[in-house]
Amino acid sequence: QQSIVPAPMASTMIELVASIAEMRVNCLRPITLPSFLIAESVAGGSEVSEILCGESVGLLGIGGKIWDSTFVLIRYLYQNRVELVSGKRILELGAGTGITSLALSRLQPAMVVCTDLEEVVPLIKVNVELNAAWSPSLRSVLRNDYFVQPLSWGGEILPPAVGGADVRSCEVIIASDVVYYPEGYEPLLTTLESLLCLPSDAGLS
């Protein structure tokens, strides 16, 4: 009997299930997008009203949780999408679950580089692949224009380009509720200073 699930997709889903188990995802749920984003769809694609998002608080603590401030940032970026998102190369710091960057896929950025600590990166990758598998209209965008890589704050030397994505090439830096403990301020500022002191043609804002 022929499977109703294409072999490549079935293989992808098996890999995703294994990754979800490995990351000890304790909550996997659809997050309904704000109404103003639902109408924003990829050219030629259907509307997508939800994002699948896994959380792993047990394994990653505060880095594996969705915070309410995420939705405040999403609204701000939507309101300023022409200046800050559409056609822009975006760098997200402390991305956590990656939900903010995933929401931006509706606003047609040129590229998104999603970063967090090395131990958090696998969760972001799981969430990107979940949405790529779940939403055909976003699959090409998420697999071609989205990059996930580790970035620890505090180092003066930025990481090398990974898979065609370079944090130095990004034009806009976004972050939301990324410092929980006061000792995180100085490393964050050091990294921001390193990024903002790039040559003027990098165009960061």
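1. Accessible areas here come from the Shrake-Rupley method with a 1.4 Å probe. On that basis, the accessible surface of the protein amounts to about 10,600 Å², and carbon and sulfur atoms contribute 55% of it. The model under discussion is predicted, and the points below should be read accordingly.

2. Overall architecture. The protein has nine helices and six strands. Of its 205 residues, 46% count as buried. Among the contacts with a separation of 6 or more, 69% join residues that stand 24 or more positions apart.

3. Glutamate 55. This residue belongs to strand β2, which covers residues 50-55. Glutamate 55 is classed as buried because its relative accessibility is 6%, and the cut-off for that class is under 20%. Its side chain makes a polar contact with the side chain of arginine 29, at 3.0 Å. Beyond the residues up to four places away in sequence, glutamate 55 touches Arg24, Val25, Asn26, Cys27 and Arg29, together with Gly64, Lys65, Ile66 and Thr97. Arginine 29 therefore appears both in the polar contact and in the list of residues touched, where contact means heavy atoms within 4.5 Å.

4. Threonine 100. Helix α6, spanning residues 99-104, contains threonine 100. With a relative accessibility of 2%, this threonine counts as buried. Once its neighbours within four places in sequence are set aside, threonine 100 is in contact with Thr70, Leu73, Ile74, Leu77, Glu92 and Ile174.

5. Cysteines. A disulfide is a covalent bond between the sulfur atoms of two cysteines. The criterion applied is a pair of cysteine sulfur atoms within 2.5 Å, and by this rule the count comes to zero disulfides. Cysteine 27 takes part in no disulfide, since the nearest cysteine sulfur, that of cysteine 53, lies 8.4 Å away, whereas the cut-off is 2.5 Å. Cysteine 27 is partly exposed, at 24% relative accessibility. Cysteine 114, by contrast, is buried, at 2% relative accessibility. Cysteine 27 is also among the residues touched by glutamate 55.

6. Surface patch. Ile62, Tyr180 and Tyr181 form a nonpolar patch on the surface, and their accessible area together is about 340 Å². Isoleucine 62 sits in the loop between α3 (57-60) and α4 (69-79). Its relative accessibility of 39% is the reason why isoleucine 62 counts as partly exposed. That value also satisfies the patch criterion, because residues with over 30% relative accessible area qualify, provided that they have no salt bridge.

Definitions and conventions: Residues numbered from 1 in each chain as written. Predicted model: local features only at pLDDT ≥ 70, side-chain atom pairs only at ≥ 80, totals over all residues. Heavy atoms only, no water. Patch = residues over 30% accessible without salt bridge, like charges linked within 9 Å, V, L, I, M, F, W, Y side chains within 5 Å. Salt bridge = Lys/Arg side-chain N within 4 Å of Asp/Glu carboxyl O. Helix = DSSP H or I, 4+ residues; strand = E, 2+ residues; numbered from the N terminus. Buried < 20%, exposed > 50% of the residue type's maximum accessible area, 1.4 Å probe, protein only. Polar contact = N/O pair within 3.5 Å; in protein donor to acceptor, adjacent residues only side chain to side chain.
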